[in-house]
Amino acid sequence: MVSPKPTVNLSSNNTDNTFCTGDRTIMFTANSSLDSDSVSPTYEFYIGVTLYQNTTSTLFTPTAYVPNLNNGDQIRVIVESGLTGCSA
């Protein structure tokens, strides 16, 4: 059986995605085509190239790990499923 390649979207609680130094309430949410009770995917959240959170939670709050986001910081997420062997 061939599993379709999963998709993942990352959004923030700041609708215009403009952040300032000192913003402490920024939260990111990942939504994936793998989200379901039967698949239970894991989410790897990165700031730049550094992995900060590897969990089944779709929520990521960067300031739980670093004091501030800096100009040019990139937040990314990889979603994986142990059942399908696929990631996005």
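I count a residue as buried when its relative accessible area is under 20%. By that cut-off, buried residues make up 28% of the 88 residues in the protein. I am working from a predicted model throughout.

**Entry 1: overall fold**

I looked up the secondary structure. The protein has zero helices and six strands. From the N terminus on, I read the elements as β-β-β-β-β-β. I then checked how far apart in sequence the contacts reach. Among contacts with a separation of 6 or more, 52% link residues 24 or more positions apart.

**Entry 2: the open sheet**

Which order do the strands of the three-stranded sheet take? I find β1-β2-β5, in an open sheet with antiparallel pairing. β1 and β5 (59-60) stand at the edges. Each has a single partner strand, so one side of each is left without a neighbour in the sheet.

I went through the β1 and β2 pairing next. β1 covers residues 8-12, and β2 covers residues 28-32. Five bridges join these two strands, which run antiparallel. I picked N9 as a register marker. The bridge partner of N9 in β2 is N31.

**Entry 3: the hairpin**

I moved on to β3 and β4. Strand β3 takes in residues 42-47, and strand β4 takes in residues 50-55. The two run antiparallel, with five bridges between them. For the register here I noted E44, whose bridge partner in β4 is N54. β3 and β4 form a hairpin, with two residues between them. I checked the turn for its backbone angles. G48 in the turn has a positive phi of about 65 degrees.

**Entry 4: Q53**

Is Q53 buried or exposed? Q53 lies in strand β4. I read 12% relative accessibility for Q53, so this residue counts as buried.

I wanted the polar partners of Q53. The side chain of Q53 reaches the backbone oxygen of L59 at 2.8 Å. A polar contact of 2.9 Å also joins the side chains of Q53 and Y65. I then listed the contacts of Q53, leaving aside neighbours within four places in sequence. They are Y43, E44, F45, L59, F60 and Y65. E44 I had already met, as the bridge partner of N54. L59 and F60 take me back to β5 (59-60), an edge strand of the open sheet.

**Entry 5: V66**

I looked up V66 next. V66 is found in the loop between β5 and β6 (75-80). Its relative accessibility is 15%, so V66 counts as buried too. What does V66 contact, once neighbours within four places in sequence are left aside? I find R24, I47 and Y52. I also took the distance from V66 to I47. Their C-alpha atoms are separated by 9.3 Å, and the two residues are 19 residues apart along the chain.

**Entry 6: the largest pocket**

I finished with the largest pocket. About 240 Å³ of space lies in it. Of the 17 residues that line this pocket, the closest to its centre are N17, F19, L69, N70 and D73. Which strand gives the most to the lining? Strand β1 does, with three residues. I sorted the lining by residue type. It divides into six nonpolar, nine polar and two charged residues.

Methods:
Residues numbered from 1 in each chain as written. Predicted model: local features only at pLDDT ≥ 70, side-chain atom pairs only at ≥ 80, totals over all residues. Heavy atoms only, no water. Helix = DSSP H or I, 4+ residues; strand = E, 2+ residues; numbered from the N terminus. Buried < 20%, exposed > 50% of the residue type's maximum accessible area, 1.4 Å probe, protein only. Polar contact = N/O pair within 3.5 Å; in protein donor to acceptor, adjacent residues only side chain to side chain. Contact = heavy atoms within 4.5 Å. 1 Å grid on protein atoms, 1.4 Å probe; cavity = no way out; pocket = protein on both sides within 12 Å on 5 of 7 lines; lining within 4 Å. Points joined across faces, edges and corners; volume = space filled by probe spheres on them. Nonpolar A, V, L, I, M, F, W, Y, C, P; charged D, E, K, R; others polar. Pairing = 2+ DSSP bridges.
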